[in-house]
Amino acid sequence: MSGLIHKSAKALKEEGITGFSKRTVRYIGKHVFGIIPEEPVIEVPVPQEPVAEEIVPEEPPAPEPEPEYHPPMVDVLFINGCDSSVPHPARYRVTHQREQLIANNITSDEVYYVNLQLEQVKYAHLFVFFRCPYTDTIGEFIETAKQLNKTVLFDIDDLVIDTKYTDTIKYIQAMSVEDKALYDDGVNRMGHTLRLCEGAITTTERLAHELGKYVPEVYINRNTASERMYELSEKVVKDRDDQEVRIGYFSGSITHNDDFMLVMPALKHLLQKYENLRLYIVGELELPEELQAFESQIVATPFLDWQELPQLIASVDINIAPLEQSIFNEAKSENKWVEAALVKVPTVASKVGAFDRMIEDGVTGFLCDTSDEWIRALENLILDENLRKQIAQQAYQYAKEHCLTIYSGLPVSEHIMSKMKPSAVFVFPSTEISGGIMVALKHASFMQKKGYDVTILAYNPSLPWMEYDGCKFPVLSYGVNPVFAYFDKAVATMWSTTPFVETHPKIKDRYYLVQNFEVDFYEPNVILRIQANQTYQLARDIQYVTISKWCQNWLKDKYHKEACYAPNGIVVKDFYEKERDFNGKIRILIEGDCAVEYKRVDESFRITNRLDREKFEVWYMSYNETPKEWYQYDKFLHRVPYEEVADVYRQCHILLKSSTLESFSYPPLEMMATGGFVVAVPNGGNAEYLQDSHNCLLYESGNEDQGIACIERICNNENLREQLLSGAKETVAKRDWSSIRAEILALYNIEE
């Protein structure tokens with residue numbers, strides 16, 4: 001049992017259901033939803049000094065280590081390329097978008113791009129690279145994601161994807177040669193990652209227009225305020241009773257110096273005209289010489305933590321957002337207007353880009369082109385307190401309805417879902433190879449080749465990936481890796497795998513691939529028999545599918561379940577034919593797990609033990625169990641890799657198969673495909689393709705004399721062999737996977 005399950009059980013026992021629930025909420029909130037709750041303040045009582053005797057305190061127990069973190073599978077993984085020294089872009093474009101998505105039931109996780117590992121491609125359907133410069137790991141990651149039919153998008157909030165844009169910034173032009181070369185390299189690598197993606201998400205119309213030159217599709221998801229920002233803003237909205245009028249300029253980075261120069265003449269004029277006017281500057285702005293004479297009216301504040309910013313914005317009466325006219329500035333978002341609107345402060349902004357689109361001039365703010373317009377708008381607000389309140393209230397109402405994560409998240413969530421490739425999950429009991437697993441992998445390969453993003457979920461996987469038929473499938477461990485992702489289709493492959501398919505809430509179509517009557521796998525009076533039987537009465541929204549007419553019949557007759565049927569197949573090119581020579585020693589192949597009663601391997605050996613060993617040789621092939629002591633054999637083949645099984649068949653003349661219970665019996669079909677001969681006991685799993693004296697010889701279970709006689713007939717009758725070979729070729733041709741692919745896909749309502 002995994003560490004996660006052990007910790008959960010321990011928490012449930014020690015903390016009860018309430019404590020366990022709180023712990024679970026914290027875990028999911030932190031690792032899936034990106035929510036890190038504030039810890040409550042706990043008052044610690046002050047210990048009293050001992051009165052009579054000295055008390056030696058017990059040594060505190062060692063803190064229990066945190067449970068090992070196992071990444072969950074989610075719908076979207078954000079790869080954040082923004083360094084923590086510049087936190088606000090990632091907050092808006094990763095944290096806030098994650099909040100938009102989870103508000104609409106789309107789960108996500110995030111990782112810093114330097115920490116990205118190729119293995120993480122397994123844990124999401126869609127990947128969003130935010131401001132990520134290209135690295136070899138990112139290149140390999142994107143290539144692998146595309147091979148797995150996963151979607152890769154790019155997100156960016158500035159035109160830092162090509163030096164033709166960044167070269168227009170005066171601050172960048174003033175860099176030293178060495179610094180600019182380093183900066184340009186990052187910009188070019190950002191563009192490299194962008195061009196590898198299938199589309200982009202961005203903040204403004206101008207950005208979308210420019211990004212459209214690099215990727216085929218761009219979606220605009222404007223910056224929005226988070227629930228936490230909304231909460232903080234609501235707390236600080238208040239009226240002041242002093243006579244000062246305060247203008248606030250929240251510049252951010254030093255690259256905004258030139259923007260401030262645009263409004264500087266208007267500010268100089270107004271500071272000189274109104275003694276009660278104050279200018280608050282926040283950020284890295286260099287105060288121009290022209291304003292130094294008004295130093296007593298200017299308050300400068302360095303960068304603040306974003307959680308302190310609403311209170312500071314709320315302390316001013318007018319917010320200004322000047323921007324020079326340029327492609328780079330047209331691409332910038334309207335964040336400054338939204339932040340001020342939420343604390344009911346009116347904004348005067350340049351008539352540029354997103355401000356021009358989002359602000360209704362004279363209604364939710366003021367837009368300016370010239371210095372005279374700046375003076376007029378600011379002076380009206382300085383002199384008219386009611387106008388300030390009116391504009392602020394209208395801006396607040398609009399921002400609250402349209403610019404909060406929860407209220408604005410549905411369109412981007414729908415876009416994200418529309419970009420995901422169709423997805424499927426196959427739930428396996430393990431990754432150990434068996435006939436049933438091979439069939440399920442074949443179905444999975446058909447889906448992947450049809451464009452599906454296919455995941456294998458196994459209870460105790462021994463492999464991190466599974467490969468089959470030219471396809472590679474990521475494997476996750478059920479019970480270790482929490483699964484919060486959506487799937488279009490989920491397929492249970494054994495009775496023990498049905499709980500996930502039945503209970504996982506985010507599944508569109510549910511299937512149960514029935515390949516055998518699994519009740520009879522167990523001895524009488526074993527609880528597993530009851531549990532297996534229960535799965536033939538699952539919820540009605542689960543579609544039963546099968547590859548055996550025998551299974552289809554008993555599901556209907558015994559359990560009143562209608563199951564869709566498609567035949568099993570074989571990769572004919574892998575099991576090519578080889579002519580057998582019956583002039584020398586005849587080699588008999590026995591195949592099956594001798595520990596499984598219904599495989600009847602003992603019966604096969606009772607037959608071959610009676611054969612003339614001068615004339616016959618016996619090979620035994622088993623994936624699990626080793627031979628019993630009394631078995632007489634010449635060669636034992638244990639755990640033969642599947643790709644080598646056909647060669648084993650080609651080296652043998654006759655397959656002796658005594659099983660009485662099979663869902664679909666592959667070995668006889670595979671032996672016939674290689675040009676060999678089959679002696680078998682009829683059962684539900686071979687009845688639909690084995691025909692006595694047409695493509696094989698059948699004998700009655702338990703009638704060992706009849707089994708020996710069938711072997712002798714094949715060895716001594718050349719005409720019979722020709723007849724059986726002809727029938728076998730006809731049977732195998734009808735079972736070529738390529739000819740029944742459409743029928744398999746139809747089981748899952750997928751058109752060829």
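**A predicted model: its cavity, three helices and three loop residues**

The largest cavity has a volume of about 90 Å³. The model in which this cavity was found is a predicted one, and the count of cavities of 30 Å³ or more comes to one. The lining of the largest cavity is made up of Arg 91, Met 229, Ser 233, Trp 306, Leu 309, Pro 310, Ile 313, Glu 339 and Leu 342. Sorted by class, the lining has six nonpolar residues, one polar residue and two charged residues. Three helices each supply at least two residues of this lining: H8 (227-236), H10 (309-314) and H12 (335-342). Among the contributors, H10 gives the most, with three residues.

Helix H12 deserves a further look. Seven of its eight residues are buried, so that this helix is mostly covered, given that buried means under 20% relative accessible area. The buried residues are Asn 335, Trp 337, Val 338, Glu 339, Ala 340, Ala 341 and Leu 342. Two of these, Glu 339 and Leu 342, also belong to the lining of the largest cavity.

After H12 comes Lys 344, a residue placed in the loop between H12 and strand S11 (347-350). What is the sign of phi at Lys 344? Lys 344 has a positive phi of about 60°, although it is not a glycine. Most residues other than glycine have a negative phi. Because its relative accessibility is 32%, Lys 344 counts as partly exposed.

His 560 offers a second case. Its phi is also positive, about 60°, and His 560 is not a glycine either. This residue is found in the loop between helix H20 (549-559) and strand S20 (563-565). With a relative accessibility of 67%, His 560 counts as exposed, the cut-off for that class being over 50%.

A further loop residue is Ser 430, which lies between strand S13 (423-428) and helix H17 (435-449). Is Ser 430 buried or exposed? Its relative accessibility is 19%, and therefore Ser 430 counts as buried. In sequence, Ser 430 and Ile 456 are 26 residues apart, while in space their C-alpha atoms are 9.8 Å apart.

Helix H16 covers residues 405-419, and its 15 residues should span 21 Å at 1.5 Å a residue; the end C-alpha atoms are 20 Å apart, which agrees. H16 also contains a kink of about 35°, centred on Pro 411. The buried residues of H16 are Thr 405, Ser 408, Gly 409, Val 412, Ser 413, His 415 and Ile 416.

Helix H24 (residues 704-716) can be put to the corresponding check. At 1.5 Å a residue, its 13 residues should span 18 Å, and the end C-alpha atoms are 19 Å apart, which agrees. Which residues of H24 are buried? They are Glu 704, Gly 707, Ile 708, Cys 710, Ile 711, Ile 714 and Cys 715. Because these residues cover an arc of only 155° around the axis, they are on the same side of H24.

Terms used:
Residues numbered from 1 in each chain as written. Predicted model: local features only at pLDDT ≥ 70, side-chain atom pairs only at ≥ 80, totals over all residues. Heavy atoms only, no water. Helix = DSSP H or I, 4+ residues; strand = E, 2+ residues; numbered from the N terminus. Expected span 1.5 Å × (residues − 1). Buried < 20%, exposed > 50% of the residue type's maximum accessible area, 1.4 Å probe, protein only. Arc of directions from axis to C-beta. 1 Å grid on protein atoms, 1.4 Å probe; cavity = no way out; pocket = protein on both sides within 12 Å on 5 of 7 lines; lining within 4 Å. Points joined across faces, edges and corners; volume = space filled by probe spheres on them. Nonpolar A, V, L, I, M, F, W, Y, C, P; charged D, E, K, R; others polar. Bend = angle between axes of the 7 residues up to and from the residue.
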